[in-house]
Amino acid sequence: MTDRINELIAEVEAFSSRAAAEIEEFRIRTLGKKGTVTNLMEEFKTVAPEMKRALGQRLNELKTKAQQKINDLKASAEAAGPRSESIGDATRPGAGSAEPVGSRHPISLVRNEIVAIFDRMGYTVADGPEIEDDHHVFTALNFAPEHPARDMQDTFFIEKNPDVLLRTHTSSIQVRVMEGGKPPIRVICPGRVFRNEAISYRAHCIFHQIEGLYIDEGVSFADLKQTLLHFAREMFGEDSKIRLRPSYFPFTEPSAEMDVSCNLCGGKGCPVCKGTGWLEIMGCGMVDPNVLENCGIDSKKYTGFAFGMGVERIAMLKFGVGDLRLDFENDVRFLKQFASES
Ligand code: PHE
């Protein structure tokens with residue numbers, strides 16, 4: 001037993017570490033419940049009485065040394081801080097080595113929010129091709145053959161073939177949905193659209209739309225108005241008001257432009273709403289019976305409403321972005337400002 005005590009004393013004296021985990025392991029190995037020193041203390045109870053005095057002194061010396069060693073090592077490890085431990089703090093992020101985490105694009109954020117609002121009202125999302133034909137973008141939607149929107153100035157045609165073009169609105173998806181299914185129809189159609197326009201702070205040749213379509217028996221203009229009011233309140237706040245101004249679209253009759261009360265000045269008038277207190281955010285109307293018939297839906301039985309809005313414009317209003325070209329430039333200094341949004 002004396003030998004073992006001496007060996008352990010030597011071991012305790014030789015031990016050194018600055019890693020908290022190693023020091024703790026040493027404590028368990030020696031002074032822990034099943035540790036070497038603790039075992040010796042147990043064994044000591046069975047030692048012959050005449051040996052007890054000498055062995056007891058040596059054993060106490062071992063125990064005190066071990067305890068002292070652990071206390072000293074812990075104190076110096078703490079004083080030096082976690083970085084100087086042999087493995088360091090494994091939970092500490094590496095200096096400069098972490099991958100930068102991306103954030104969602106403001107257009108995606110706004111699109112997701114709009115989709116979520118209509119999803120809660122029971123709308124499903126429909127998709128369609130960006131490269132379209134005249135039928136789905138214009139003819140089925142009641143555009144007269146010489147309508148100026150078909151003009152080269154607005155529409156990008158492909159391969160000089162006037163029947164292959166980039167969609168100028170996502171109403172083309174609505175045509176595909178009507179052609180492919182029976183009422184009741186309740187869809188929203190988000191997507192990229194293309195128009196041959198000069199690029200400026202408020203217009204781009206590529207932008208995003210979300211259009212909606214609701215067709216069933218007995219759908220009225222009152223349903224359209226209430227749906228849009230609900231949307232405005234969800235999107236811009238409970239106190240939002242809407243107003244509908246008469247307008248014209250070939251595919252809706254009657255047609256309207258919808259304004260929402262300016263959420264920056266609360267309707268009092270400010271530079272963003274140009275002093276009017278209102279912001280124009282979408283076109284809407286009752287689906288023209290010709291369009292229903294063009295898409296194989298009985299216009300005597302069914303009525304419906306449609307609406308369409310530009311996502312960039314809503315993002316501008318929501319985030320106070322003054323120039324929509326920023327949405328397309330992928331400048332991380334712009335994009336990372338939206339990292340805190342969900
Ligand atoms: N398609 C129209 C546009 O692109 C928007 C719209 C959709 C208007 C539905 C009325 C009804 O401008």
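**A guided tour from the ligand outwards**

Begin at R195, where a side-chain N or O atom lies 2.9 Å from an oxygen atom of the ligand; a polar contact here is a pair of N or O atoms within 3.5 Å, and within protein one atom must be able to donate a hydrogen and the other to accept it, while residues adjacent in sequence count only if both atoms are side-chain atoms. The model is predicted, and local features need pLDDT of at least 70, side-chain atom pairs count only at pLDDT 80 or more, and totals for chains, interfaces and linings use all residues. Numbering runs from 1 along each chain as its sequence is written, and side-chain values use heavy atoms, with hydrogens and water left out.

**The ligand and its shell**

Select Q209 next: a polar atom of the Q209 side chain is 2.8 Å from an oxygen atom of the ligand. Then select E211, whose side chain places a polar atom 2.7 Å from a nitrogen atom of the ligand. The protein buries 89% of the 330 Å² that the ligand exposes when taken alone; these accessible areas come from the Shrake-Rupley method with a 1.4 Å probe, and for residues only the protein chains shown count as cover.

Now display the whole shell, which holds 13 residues, with H169, S171, R195, Q209 and E211 the closest. A residue is near a molecule or strand if one of its heavy atoms lies within 4 Å of it. By class, five residues of the shell are nonpolar, six are polar and two are charged. In this scheme Ala, Val, Leu, Ile, Met, Phe, Trp, Tyr, Cys and Pro count as nonpolar, Asp, Glu, Lys and Arg as charged, and the others, Gly among them, as polar.

Which strands should be coloured at this site? β6 (206-216), β9 (278-287) and β10 (303-310) each supply at least two residues of the shell, and the largest share, three residues, comes from β10. Strands (E, at least two residues) and helices (H or I, at least four) are DSSP runs, numbered from the N terminus.

**The seven-stranded sheet**

Extend the selection to the open sheet of seven strands, ordered β1-β5-β6-β10-β9-β8-β7 with mixed pairing. β1 (124-125) and β7 (242-249) stand at the edges with a single partner strand each, so one side of each is left without a neighbour in the sheet. Two strands pair if DSSP finds at least two bridges between them. At β1, the pairing with β5 (residues 185-194) is parallel, over two bridges, and V125 stands opposite I188 in β5.

**The three-stranded sheet**

Move to the open sheet of three strands, in the order β2-β4-β3, where the pairing is antiparallel. Its edge strands, β2 (131-132) and β3 (157-158), each pair on one side only. Between β2 and β4 (residues 161-166) there are two bridges; I131 faces L166, and E132 faces L165. On the β3 side, F157 has L165 as its bridge partner. Finally, select E159, which takes a positive phi near 50° in the hairpin of β3 and β4, with two residues between the strands.

**The whole protein**

Zoom out to the full model, which comprises 12 helices and 10 strands. The radius of gyration is 37 Å, well over the 20 Å that the globule rule gives for 342 residues, so the protein is more spread out than a compact globule; the radius is taken over C-alpha atoms, and the rule is 2.2 Å times the number of residues to the power 0.38. Along the principal axes, the C-alpha atoms fill a box of roughly 120 × 50 × 40 Å.

Colour domain 1 (2-87) and domain 2 (106-341) separately; these bounds come from an automatic or database domain assignment. The domain centres, taken over C-alpha atoms, are 76 Å apart.
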